[in-house]
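Trainee: I would like to go through this model with you. Where should we begin?

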Amino acid sequence: MELMMNTKESYRDEGIYFRARHRVERVRKYYTHLIIFLVVNIIISTGKVIRNLNNGETFEEAFFDFNTFSVWIVWGLIIIIHTIAVFGFPLILGKNWEERKLKQFMDEDQSKDWKQNI
């Protein structure tokens with residue numbers, strides 16, 4: 001019986017580890033996406049401003065051209081969606097929503113385990 005309990009606990013610990021590892025990977029991918037977003041958009045915007053300056057525009061006209069910011073806007077919306085997907089939306093769900101949900105699911109799993117052992 002003790003061996004079975006240790007096995008169940010190790011599976012639970014393993015599950016917790018894999019869920020935590022998955023979250024870490026999602027956060028790492030998010031930060032990679034954010035860095036690529038910044039670097040690529042800075043390069044694209046610099047190129048567009050230089051091109052507009054070479055076409056005779058003033059710096060203000062070249063910099064504040066909508067085409068300079070269009071990629072920032074579209075990709076920025078994707079970054080916002082990615083941010084919400086990775087970190088959640090605490091304004092709607094509350095600060096402790098994830099912990100409450102995790103506890104709820106763990107309690108449900110525990111009650112299922114208890115019912116199966118009867």
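Mentor: Helices (H or I, at least four residues) and strands (E, at least two) are DSSP runs, numbered from the N terminus. This is a predicted model, where local features need pLDDT of at least 70, side-chain atom pairs count only at pLDDT 80 or more, and totals for chains, interfaces and linings use all residues. Residues are numbered from 1 along each chain as its sequence is written, and side-chain values use heavy atoms, leaving out hydrogens and water.

Trainee: How many helices and strands are in the protein chain?

Mentor: Read from the N terminus, the elements run α-α-α-α-α. The count for the protein chain is 5 helices and 0 strands.

Trainee: Which element gives the largest share of the largest nonpolar core?

Mentor: A nonpolar core is a set of buried Ala, Val, Leu, Ile, Met, Phe, Trp, Tyr and Cys residues joined through side-chain atoms within 4.5 Å. The largest one has 5 residues: Tyr 30, Phe 37, Trp 75, Ile 79 and Val 86. Two or more of these residues come from each of α1 (2–54) and α3 (66–87). The largest share, 3 residues, comes from α3.

Trainee: Is Asn 52 buried or exposed?

Mentor: Asn 52 lies in helix α1. Buried means under 20% relative accessible area, exposed over 50%, and partly exposed in between (1.4 Å probe, protein chains only). Because its relative accessible area is 4%, Asn 52 is buried.

Trainee: What share of the 118 residues in the protein chain is buried?

Mentor: The same cut-off of under 20% relative accessible area applies here. Buried residues make up 13%.
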